[in-house]
Amino acid sequence: VRHRQKGHAQYEKFDHHGAFCEVREGPCRLLVNFADYLDTGLFLDHRLTRTLVGELARGRSMLNLFAYTGAATVRAALEGATATTTVDMSPTYLDWARRNLELNGLQGHELVRADCLEWLAQPRRERYGVIFLDPPTFSNSKRMKRDFDVQRDHVDLILKTARLLERTGVLLFSTNNRKFKLDRTCLLYTSPSPR
């Protein structure tokens, strides 16, 4: 049963069955877990988005931020991405992403365990053809230096992420915050610092 999670309860494991089931989505084989966590490991509301990521990533490099279990990375890789980088703070989810890649026979894809906000704050030379940016609505993980609120922090997050795009790159931003209001004015009139 889904219900509002507060504080550290949102990160707690429910059970310890460790029973994973394999499901298929398009060309992807993915692992889900119906017992141990609040979420199964595959966000169904992103099904069409993952298809779009796969189409856009053909022949391009792809960056998956706040990557969860890496389902979008798997789709991009199977659809012909030249390279992928998957960034998430959770060792559990990053290991799940690794298992999803291996399940599909995919090797050589970069997995980075890091706070995405800190990772983005570091100087980076890499540029990506496609970036999938799906931050949480709110996070107060003890592994982060400060809490994150998507409404408060989205402009800075999007601008920092956009700096990593190739000249013709595409950034897909997603949020589950039902009250979210995109600050278009700030995004239109604030340019990221030069590369």
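Start with the whole chain in view: among its contacts with a separation of 6 or more, 65% are between residues 24 or more positions apart. The model is predicted. The chain has 195 residues, of which 43% count as buried. Its accessible surface comes to about 11,100 Å², and carbon and sulfur atoms hold 50% of that area. Colour by secondary structure and you should find six helices and nine strands.

**Stop 1: the sheet**

Select the five strands β5, β4, β3, β6 and β9. They form an open sheet in the order β5-β4-β3-β6-β9, and the pairing is parallel. Which strands stand at the edges? They are β5 (residues 110-113) and β9 (residues 165-173); each has a single partner strand, so one side of each is left without a neighbour in the sheet. Turn the view to look across the strands: the twist averages 15° from one strand to the next.

**Stop 2: β4 and its two partners**

Select residues 83-88, which make up strand β4. β4 is mostly covered, with five of its six residues buried. On one side, β4 pairs with β5 in the parallel sense over four bridges. Show threonine 86 to find a facing pair: leucine 111 in β5 stands opposite.

Helix α3, residues 91-103, can be added here. α3 packs on the sheet and touches both β4 and β5. The direction of α3 makes about 170° with that of β5.

Now go to the other partner of β4, strand β3, at residues 61-65. β3 and β4 run parallel and are joined by five bridges. The facing pair to show in this case is methionine 62 and threonine 84, the latter in β4.

**Stop 3: the loop between β3 and α2**

Two residues in this loop deserve a look at their backbone angles. Select phenylalanine 66, which is found in the loop between β3 and α2. Phenylalanine 66 has a positive phi of about 55° although it is not a glycine. Is its side chain buried or exposed? Phenylalanine 66 has a relative accessible area of 15%, so it counts as buried, the limit being under 20%.

Next select tyrosine 68, which lies in the loop between β3 and α2 as well. The phi of tyrosine 68 is near 60°, a positive value in a residue other than glycine. At 10% relative accessibility, tyrosine 68 is also buried.

**Stop 4: α1 against α2**

Show helix α1 (residues 47-57) together with helix α2 (residues 71-78). The two pack at an angle of about 40°, and their axes are 8 Å apart. α1 passes α2 in a right-handed crossing.

To see the contact itself, display side chains on both helices. From α1, the residues are Arg50, Thr51, Val53, Gly54 and Ala57; from α2, they are Ala71, Ala72, Arg75 and Ala76. By class, this contact has five nonpolar, two polar and two charged residues.

Stay on α2 and colour by accessibility. How many of the eight residues of α2 are buried? Seven are, and α2 is mostly covered. The buried ones are Ala71, Ala72, Thr73, Val74, Arg75, Ala76 and Ala77. Just after α2, select glycine 80, which takes a positive phi of about 110°.

**Stop 5: proline 27**

Select proline 27, found in the loop between β1 (residues 21-25) and β2 (residues 28-32). With a relative accessible area of 39%, proline 27 is partly exposed. Draw a distance from its C-alpha to that of arginine 75: the two residues are 48 apart in sequence and 7.5 Å apart in space. Leaving aside neighbours within four places in sequence, proline 27 is in contact with Arg75, Leu78, Glu79 and Asn104.

**Stop 6: alanine 97**

Finish at alanine 97, in helix α3. Alanine 97 is buried, with a relative accessible area of 2%. Which residues does alanine 97 touch, not counting those up to four places away in sequence? They are Tyr68, Thr69, Gly70 and Leu111. Tyr68 was selected at the loop between β3 and α2, and Leu111 is the β5 residue opposite threonine 86. For a last distance, take the C-alpha atoms of alanine 97 and alanine 71: they are separated by 7.1 Å, while the residues are 26 apart along the chain.

Methods
Residues numbered from 1 in each chain as written. Predicted model: local features only at pLDDT ≥ 70, side-chain atom pairs only at ≥ 80, totals over all residues. Heavy atoms only, no water. Pairing = 2+ DSSP bridges. Axes fitted to C-alpha atoms, helices over the stretch in contact; angles between N-to-C directions. Contact = heavy atoms within 4.5 Å. Buried < 20%, exposed > 50% of the residue type's maximum accessible area, 1.4 Å probe, protein only. Areas by Shrake-Rupley, 256 points an atom, 1.4 Å probe, with all protein chains shown as cover. Left-handed = near helix turned anticlockwise from the far one by under 90°. Nonpolar A, V, L, I, M, F, W, Y, C, P; charged D, E, K, R; others polar.
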